[in-house]
Structures are given as structure tokens and as C-alpha cells.
Amino acid sequence: MQRIRLRYTKRGRLRFTSHRDFQRAFERALRRAEVPMAYSAGFTPHPKVSYANAAPTGTGSEAEYLEIALTDARDPEKLRLLLDESMPVGLDIIDAVEARTSGLADRLTASVWELRLDGVTPEDAERAVDAFRSAGTVEVQRKTKNGMRTFDARGAVASLEARTAQSEVHAQSEVHTAQPEPHTAQPETHSPHADRPTDQPCAILRLVVRHVTPAVRPDDVLSGLRAVADLAPPVPAAVTRLAQGLFDEETGTVTDPLAPDREAVAADVPTAATTAAAKASV
């Protein structure tokens with residue numbers, strides 16, 4: 001049995017796709033691409049697909065991950081192309097690697113988010129960010145199925161900074177230093193990864209959040225900014241996850257969670273010299 005790990009996106013209007021909607025679209029793509037899926041046992045067999053830490057409905061993402069199990073081996077890149085052709089535009093399969101290690105979910109310990117705040121000046125955003133970072137704790141409330149819950153939104157935030165739309169264009173490489181470049185082109189916006197085009201100036205927040213319990217989401221951080229600095233954008237923020245992976249405490253960066261699999265695959269590929277020597281000995 002072969003396992004393939006995929007990275008996919010939620011772009012543009014498709015950011016409003018729920019996780020269940022994506023599951024249905026992906027299972028249809030598996031059938032269209034005639035992928036030799038492994039199935040679970042029991043009375044209602046289903047394809048063996050494992051999803052990891054899906055982004056909330058309404059948020060865009062450049063870094064969602066899943067893993068599939070196959071009964072027959074396939075080339076990961078050819079499989080990626082077939083699946084991407086079978087998916088709606090906006091739900092793009094942009095990376096694939098054969099799983100050679102365990103614990104993908106354990107390597108998703110933090111996310112990098114971009115929050116576009118239309119109608120907020122960079123100066124107001126900077127003052128709110130300074131107040132948030134200076135606070136020891138920032139208590140916010142969120143409604144859950146068990147009622148309102150109060151928790152600290154500050155402790156999970158590894159970094160938070162305010163930027164202008166213009167400066168963000170020059171800062172994209174910082175996020176993807178350890179993340180591979182997508183195979184598909186990005187939508188045309190001020191920020192190559194944002195999913196809301198605009199000709200108006202706006203403030204942009206770059207946020208790195210550790211995955212903790214209870215989970216702290218970008219909207220919780222916005223609630224915290226409102227609590228400490230009365231920052232209230234006139235329109236809902238456009239939120240995009242730029243990356244997720246293992247958080248490096250020393251550098252403060254989020255690394256590529258598929259890198260260990262790439263390294264294992266590369267180490268397993270015989271060199272030309274080794275192959276020639278093996279043929280000569282036969």
C-alpha cells in the first residue's frame with residue numbers, strides 16, 4: 001500500500017467551501033482520475049483519506065494537507081496533475097509527495113495567517129498590535145456548542161505585526177523560505193496570497209499562531225485587538241492561511257511539514273554512479 005500526502009488550497013470564493021463540501025469534491029476527483037484508492041473494511045467502505053487541521057469555513061488557505069492510501073503505486077506528481085484537473089478552480093492540488101515518515105499531523109504545530117483589514121489605517125493597526133503584544137493575557141469569548149467560553153488569545157500568538165499592502169508584496173518570500181512554491185499561479189491582488197482583490201489601501205496583519213488547546217483562530221485575535229485597542233474593521237477581515245507546519249522556536253518560522261518525506265524519498269533514490277555499478281556487476 002502506498003501513501004501520498006497532498007497540499008491543497010482554498011482560494012477566492014472557494015474559501016467559503018465547508019470541509020464537508022471539500023470532501024465531496026475531492027472524492028469525486030478521485031473517481032474521475034481513476035485513482036486506485038484503498039478502502040476501509042466494514043459494511044460501508046469508504047476511501048482511506050486522512051485530513052489534517054482544516055481551515056475554518058470562510059477563510060482562504062494556501063496550505064491545507066491530506067493523505068490518501070493507494071492499492072497500487074503511482075507517481076506523486078502525475079497523480080497531483082490528474083487530481084488538480086478534476087477539482088474546481090480555487091480548490092487546487094499544488095503539491096504531492098510519497099509518505100515515507102509518520103506523524104504528519106504532529107508536524108502541524110503552527111500556522112501563518114494574513115489578515116487584510118479594509119478600511120483600517122496602518123497607523124491604527126500598528127497601535128492595536130503594540131497593545132496586544134504588550135499585554136500579558138488577552139481574554140476573549142467564543143460561543144461553543146456548550147455555551148460561551150472565555151480563554152486567553154495572547155499566549156498562542158508567536159508573532160504579530162502590522163504591514164501595509166505595498167510592503168506585503170516584498171515580504172512574501174519570508175513565509176515561503178521553508179515552504180515549496182505552489183505549482184499554480186496566484187490570484188492577482190496586492191498580496192500574491194490574499195484572496196480579496198482591492199484597489200484601496202488597507203492594513204495587513206501577519207500572524208503566527210501555535211496550535212494549542214483550545215485552538216486560537218484569527219477571529220479570536222481580532223476579538224483581542226478589539227478588546228485591548230478598540231480596533232473594529234468596518235468590514236469583515238479577509239483571512240488567508242499562508243503556511244502551516246512545525247514551528248521553529250529559534251527562528252520563529254513555520255517549516256514545510258512535507259520536508260521529511262522529500263528528504264526520505266531523495267535519500268532512497270539511487271545515484272547514477274550506483275546504478276551503473278550495479279549493472280556492471282550483473
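**Cores, rings and a helix crossing**

Colleague: Which residues touch the most other members of the largest nonpolar core?
Modeller: Keep in mind that this is a predicted model. Its largest nonpolar core has 28 residues. Those touching the most other members are Leu115, Leu117, Leu160, Leu205, Leu207 and Leu225.

Colleague: Thanks! Which elements give two or more residues to this core?
Modeller: Both strands and helices take part, as their labels show. The helices are α3 (122-134) and α6 (218-229). The strands are β5 (110-118), β8 (157-164) and β9 (202-210).

Colleague: Which residues does leucine 117 touch, not counting residues up to four places away in sequence?
Modeller: Leucine 117 is one of the core residues that touch the most other members. With residues up to four places away left out, its partners are Cys202, Ala203, Leu205, Leu222, Leu231, Pro233 and Ala237.

Colleague: And how many residues are in the second, separate core?
Modeller: Happy to say! Phe26, Ala33, Leu91 and Ala96 are among its members. This second core has 21 residues.

Colleague: Are α3 and α6 roughly parallel or roughly perpendicular to each other?
Modeller: The two axes come within 9 Å of each other. They cross at roughly 95°, and angles of 65 to 115 degrees count as roughly perpendicular. α3 and α6 are therefore roughly perpendicular.

Colleague: How many nonpolar residues does the contact of α3 with α6 have?
Modeller: On the α3 side are Ala128, Val129, Ala131 and Phe132, which meet Val221, Gly224, Leu225, Val228 and Ala229 in α6. By class, the contact has no charged residues and 1 polar one. The nonpolar count is 8.

Colleague: Let's turn to the rings. Why is the pair of tyrosine 8 and phenylalanine 22 stacked?
Modeller: The structure holds 3 aromatic pairs. In this one the ring centres are 4.0 Å apart. Planes under 30 degrees apart count as stacked, so the pair qualifies with its planes at 10°.

Colleague: Which parts does that pair tie together?
Modeller: Both residues are buried. Tyrosine 8 lies in one element and phenylalanine 22 in another, so the pair ties together parts 14 residues apart in sequence: strand β1 (residues 2-10) and helix α1 (residues 19-32).

Colleague: How far apart are the ring centres of phenylalanine 22 and phenylalanine 26?
Modeller: Both residues are buried. Being 4 residues apart in helix α1, they are separated by about one helical turn. Their planes are at 10°, so this pair is stacked too, with centres 5.9 Å apart.

Colleague: Finally, which residues do ring pairs link into a cluster?
Modeller: Phe22 pairs with Tyr8 and also with Phe26. The whole cluster is Tyr8, Phe22, Phe26 and Tyr51.

Definitions and conventions
Residues numbered from 1 in each chain as written. Predicted model: local features only at pLDDT ≥ 70, side-chain atom pairs only at ≥ 80, totals over all residues. Heavy atoms only, no water. Phe/Tyr/Trp six-rings, centres within 6.5 Å; stacked < 30°, edge-to-face > 60°. Buried < 20%, exposed > 50% of the residue type's maximum accessible area, 1.4 Å probe, protein only. Core = buried A, V, L, I, M, F, W, Y, C linked by side-chain atoms within 4.5 Å. Contact = heavy atoms within 4.5 Å. Axes fitted to C-alpha atoms, helices over the stretch in contact; angles between N-to-C directions. Parallel < 35°, antiparallel > 145°, perpendicular 65-115°, else oblique. Nonpolar A, V, L, I, M, F, W, Y, C, P; charged D, E, K, R; others polar.
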